Amino acid sequence: MSGVQDSLEIRFRLIDGSDIGPKSFPVAASVASLKESILSQWPKEKNNAPRTVKDVKLICGGKILENNKTVGECRSPLGDVPGGVTTMHVVVSQPPQEKEMKVKSDPKQQKCVCVIL
């Protein structure tokens, strides 16, 4: 049994249960490159598409993967079956909604008044 694989089959599971992949990635590929692949393969019919790599979070084995790590550094030695497909969950961070700030324009604003006698 050889303990080292040159590539991993990875499936990306979206929040609605649909999948992107599986696709083969080299173990030296960075998490950022995985995210770029997700952006390019994102289904057109989905309305919550991420705009940038920063909008995507990948979760594998209960851990949020960091962009500067490689696939080889992120995989679990116990969780990966040789020749099997690794599933990573994709979470999309939506940009913050611009909240309408309502300015109180009450003509009866309370004012503090000091009186010195």
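The dialogue below goes through a predicted model and sets its computed values against the definitions behind them.

Visitor: What should I know about the numbering and the confidence limits of this model?

Guide: Residues are numbered from 1 along each chain as its sequence is written, and side-chain values use heavy atoms, with hydrogens and water left out. Because this is a predicted model, local features need pLDDT of at least 70 and side-chain atom pairs count only at pLDDT 80 or more, while totals for chains, interfaces and linings use all residues.

Visitor: How many helices and strands does the protein chain have, and how are they defined?

Guide: The protein chain has two helices and five strands, where a helix is a DSSP run of H or I with at least four residues and a strand a run of E with at least two, numbered from the N terminus. Read from the N terminus on, the order of elements is β-β-α-β-β-α-β.

Visitor: What makes β1 and β2 a pair?

Guide: Two strands pair if DSSP finds at least two bridges between them, and β1 and β2 have six bridges in the antiparallel sense, so they satisfy that rule. One of the partnerships joins L8 to F25 in β2, and in the hairpin of these strands, which has five residues between them, G17 takes a positive phi near 95°.

Visitor: Why is S37 called buried?

Guide: A residue is buried under 20% relative accessible area, exposed over 50%, and partly exposed in between, with a 1.4 Å probe and protein chains only. S37 has a relative accessible area of 8%, and is therefore buried. This residue is found in helix α1 (residues 31–41), and, leaving aside residues up to four places away in sequence, S37 touches K23 and F25, a contact being heavy atoms within 4.5 Å. Over the 117 residues of the protein chain, 24% count as buried.

Visitor: How do you know that R11 and D19 form a salt bridge?

Guide: The rule asks for a side-chain nitrogen of Lys or Arg within 4 Å of a carboxyl oxygen of Asp or Glu; the N to O distance for R11 and D19 is 3.7 Å, so the pair qualifies. R13 and D19 also meet in a salt bridge, at 2.4 Å, and so do D16 and K46, at 2.3 Å. Salt bridges that share partners join R11, R13 and D19 into one network, and by this rule the count comes to three salt bridges.

Visitor: What makes D19 partly exposed?

Guide: D19 has a relative accessible area of 34%, which lies between the two limits, so the residue is partly exposed. R11 is partly exposed at 22%, as is R13 at 27%, and D16 counts as partly exposed at 49%.

Visitor: Which residues make the nonpolar surface patch, and why is V113 called exposed?

Guide: V113, V115 and L117 make a nonpolar surface patch of about 420 Å². Patches take residues with over 30% relative accessible area and no salt bridge, joining like charges within 9 Å and nonpolar side chains (Val, Leu, Ile, Met, Phe, Trp, Tyr) within 5 Å, and accessible areas come from the Shrake-Rupley method with a 1.4 Å probe, for residues with only the protein chains shown as cover. V113 has a relative accessible area of 64%, so this residue is exposed, and V113 lies in the segment after β5 (85–92).
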